[in-house]
Amino acid sequence: MTDWIERLKNRLREQNLTEAEFAKIIDVNRGQLSNWLTGKRNPKLEKRLIMADALGVSLHWLDTGEDLIPDSELPQEILDNVEALVTELGNKETRIHRGTGLRIIPGKSDRSFLIRLDNDSMLDPNRGDKVLIPEGASVQIDTDIDPTPGCIVLLRYNGKMMLRVWKRISNSEHIFQVINPLYTSLNFNFEGDISEIYVGTAVGCSFKLL
């Protein structure tokens with residue numbers, strides 16, 4: 001049984017909800033919910049969003065068991081010298097590794113939704129000619145299109161949601177990379193069918209101008 005299923009079942013027990021009652025709340029039949037809770041089938045992202053909302057938790061918590069860290073609580077460093085810069089970058093990379101770095105913004109469409117990028121892993125500070133997604137940007141994800149190598153895709157990998165640029169080596173070998181050269185340790189290789197981890201493709205981005 002995967003961890004998110006155990007967390008969901010524990011939450012149902014805490015709220016004194018039966019599976020039948022919960023199925024009615026999230027508007028699915030009991031058989032469909034049973035398939036999800038036994039691991040026979042995996043619910044789509046929009047259904048997991050609905051389940052998390054119905055239980056009063058975030059999808060991030062349901063997937064990882066971790067609470068989001070409020071922006072106000074993230075440590076701040078004053079960059080007085082090179083040593084401070086190295087420390088600041090190390091702390092930021094640790095936070096990116098620890099959390100998903102994404103916040104999902106539910107929408108009304110079953111085909112697309114918004115996420116907010118809460119780190120600068122998809123920003124190249126040295127080149128302005130590349131496709132960039134700055135920290136704090138809202139990114140539109142389309143779940144109804146086929147993934148294309150070279151595009152920025154949203155993945156569900158090792159229990160985390162993450163944005164990466166997809167580079168295909170072969171039909172069964174893939175490299176997923178961040179844009180920021182300071183965080184190359186966040187890149188990873190994947191062997192298998194990309195459909196196993198693919199959620200959607202980034203098709204739009206908006207952010208506040210300074």
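Student: In this predicted model, does N16 count as buried or exposed, and what is its relative accessibility?

Tutor: A residue is called exposed when its relative accessible area is over 50%. N16 has a relative accessibility of 67%, and therefore counts as exposed.

Student: Where along the chain does N16 lie, and what is the sign of its phi?

Tutor: N16 sits in the loop that links helix α1 (3-14) with α2 (19-25). Its phi is positive, at about 55°, although N16 is not a glycine.

Student: Which value does phi take at N158, and where is that residue placed?

Tutor: N158, again a residue other than glycine, has a positive phi near 55°, and its place is in the loop between β4 (152-157) and β5 (160-170). With the cut-off for exposed set at over 50%, N158 counts as exposed because its relative accessibility is 66%.

Student: How do β4 and β5 run, and how many bridges join them?

Tutor: Two strands are taken as paired if there are at least two bridges between them. In this case β4 and β5 run antiparallel and are joined by six bridges. They form a hairpin with two residues between the strands, and it is in this hairpin that N158 takes its positive phi.

Student: Which strand besides β5 is joined to β4, and which residues are the bridge partners of L154?

Tutor: Strand β8 (residues 198-206) is joined to β4 by three bridges, and these two strands run antiparallel. For L154, the bridge partner in β5 is L163, while in β8 the bridge partner is G200.

Key
Residues are numbered from 1 along each chain as its sequence is written. This is a predicted model: local features need pLDDT of at least 70, side-chain atom pairs count only at pLDDT 80 or more; totals for chains, interfaces and linings use all residues. Side-chain values use heavy atoms; hydrogens and water are left out. Helices (H or I, at least four residues) and strands (E, at least two) are DSSP runs, numbered from the N terminus. Buried means under 20% relative accessible area, exposed over 50%, partly exposed in between (1.4 Å probe, protein chains only).
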